[in-house]
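Q: I am new to this structure and would like a close look at one part of it. Could you walk me through the sheet in chain A, and then what packs and touches around that chain?

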Amino acid sequence: MTDLTSLTIAEAREGLASKSFTARELTDAHLAAIEAARVLNAYVLETPDRAREMAKAADEKIAKGEGGPLAGIPLGIKDLFATRDIRTTACSKILGNFIPPYESTVTSQLWRDGAVLLGKLNNDEFAMGSSNETSCFGPVTNPWRREGSNTTLVPGGSSGGSASAVAALLCMGATATDTGGSIRQPAAFTATVGIKPTYGRCSRWGIVAFASSLDQAGPIARTTRDAAILMRSMAGHDPKDTTSVDIAVPDYEAAIGKSVKGMKIGIPKEYRLDGMPAEIEKLWSEGAQWLKAAGAELVEVSLPHTKYALPAYYIVAPAEASSNLARYDGVRYGLREPAKNIIEMYENSRADGFGDEVRRRVLIGTYVLSAGYYDAYYLRAQKVRTLIKKDFEDCFAKGVHAILTPATPSAAFGIGEKGGADPVEMYLNDIFTVTVNMAGLPGIAVPAGKDTQGLPLGLQLIGRPFDEETLFSLGEVIEQAAGRFPAPKWW
Amino acid sequence: MSVDATTVRRIAHLARIAVSDAEVPHLQGELNAMLAFVEQLSEVNVDGVEPMTSVTPMEMKKRADVVNDGEIADDIVRNAPDTTNHFFLVPKVVE
């Protein structure tokens, strides 16, 4: 039964239906794999009792022919999603031992459809980071290593635990969130598939808020099909989130294998950066050729405000974060440091509870929103954001169905290698992904090849609003052409 | 634009985060690196451009003005560091 963990969700679904194995066996195989892989630090909380209970319930439903679309499928949940009666921390010391008395909408839909909770996954503190090094539980290790090297690499972030766990076969799929690239960048670093849907597609209710106008939930999985299966359960309108959109959720899986013949694929010239590694450049043109071979038409497009997306993001996101994180005051939940008056209590609790990166962003956010600076920074950034969105709208208005770009400017790097002296060095990781959040569009990262050191690289496809289906169809074409990239097991 | 040490202390106080004197120079350097990075936005012509308020064009939904939740005081205070009889306790605010 050891190879149960290497099945895809689609394969496991068949195996469960044909009674080749039970949900309990599938869950037990994953729990054993998790135990043997603690060195990766992907899970911050394992929930084996809950998992076995849920697997048993799934087996009973399957036996009665009442199993839902995810019946018995064991998943990992990013620790940013509130899970009822199960510790949820956003990997921040300030949430301490927070036990939510409620369940996030996205996870409740996964349980509704029969999925099994294996545990909570590591992430950058409050999802702020691109390497999963800012977590209060310590960094996550990427299952991938450079050929012939034992150097520990980051899995990317902020959904580093999700990406690492999926790549290392510690769950069949995982929830993740993406504010500037936090699903797509770790997916690219671990040879997994990650999709950030259109803003409004998934409910944000019950997900710890970072930057509310940018945050979206999405899945990380090992294949495009598996991502489509998970997406269908995670998406949908929720009256509890006023920004969630009330439109029907399509059967995303039906888009897998659909012809892409005649589709216009934009290749944006602004994504061709000076000093971009030749292997990224090569991968990008290879991906374009695969789509062309499948019948798509390649067109050069221009997104002139691309270079301003990252600086605008580093005003908008910290501004919203400084507002969202004002709630951590040591009064209603989380860490409290004793003090002689209430202001000092706030100041000491927040000083002790927030890590360096979170503190930095709250401070910069407070600054750009403060009297006298609001117009120069925040208002200007929101205007630039309008221009970034308009670039995409102009492009789609010319008949472009989707845009192909590299997912990241490099492969995974070593723990402690980046951002030590200058935080901006780390921020540049998200240069290709952040535009998509600024414009609220869907984006998928699909594994497409390896660099000269044997590390995975991904390509990104950006779609029209609410047209995730086209991304799944195109992503599948790349997956079929590039093949899959299982991580070599060394732990 | 760049921030001086006094501004760093003022922002930290506005953000209600205690910062020791020893931390100020380091924080000042980091914040100024971020401000230098975002400085390039000043070269964009934003004349006549509306600031984005909603990334997805949609009307804000409104719910019926009715009570649809409540009577969960136990849940509300369950995670609080200090409570009594469903009240949150804080250090003395009024002398």
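A: Here is a short tour that begins with the sheet, moves to a pair of helices and ends at the contact with chain B.

Please keep in mind that this is a predicted model. In chain A, an open sheet is built from 11 strands, and their order is β1-β3-β2-β4-β6-β5-β10-β11-β9-β7-β8, with mixed pairing. The edges are held by β1 (43-46) and β8 (297-301) of chain A; each has a single partner strand, so one side of each has no neighbour in the sheet. On average, neighbouring strands of this sheet are turned by 30° against each other, direction ignored.

Let us look at one pair of strands. Strand β9 (402-406) of chain A and strand β11 (456-463) of chain A run antiparallel and are joined by 5 bridges. Among the residues of this pair, A402(A) has G463(A) as its bridge partner in β11(A).

Next come two helices of chain A. Helix α8 (278-293) packs against helix α15 (468-482) at an angle of about 110°, and their axes are 9 Å apart. That angle makes α8(A) roughly perpendicular to α15(A). On the α8(A) side, the contact is made by G287(A), W290(A) and L291(A), while α15(A) brings L474(A), V477(A), I478(A) and A481(A). By class, this contact has 6 nonpolar residues, 1 polar and no charged ones.

Finally, chain A meets chain B through 55 residues from chain A and 38 residues from chain B. The largest share of the chain A side, 10 residues, comes from α12(A). By class, that side has 31 nonpolar, 12 polar and 12 charged residues.

Terms used. Residues are numbered from 1 along each chain as its sequence is written. Chains are lettered from A and ligands numbered from 1 in the order in which they are written. This is a predicted model: local features need pLDDT of at least 70, side-chain atom pairs count only at pLDDT 80 or more; totals for chains, interfaces and linings use all residues. Two residues are in contact if their C-beta atoms, placed from the backbone, lie within 7 Å. Helices (H or I, at least four residues) and strands (E, at least two) are DSSP runs, numbered from the N terminus. Ala, Val, Leu, Ile, Met, Phe, Trp, Tyr, Cys and Pro count as nonpolar, Asp, Glu, Lys and Arg as charged, and the others, Gly among them, as polar. Axes are lines fitted to C-alpha atoms, for helices over the stretch in contact, and angles run from 0 to 180 degrees between N-to-C directions. Angles under 35 degrees count as roughly parallel, over 145 as roughly antiparallel, 65 to 115 as roughly perpendicular and the rest as oblique. Two strands pair if DSSP finds at least two bridges between them.
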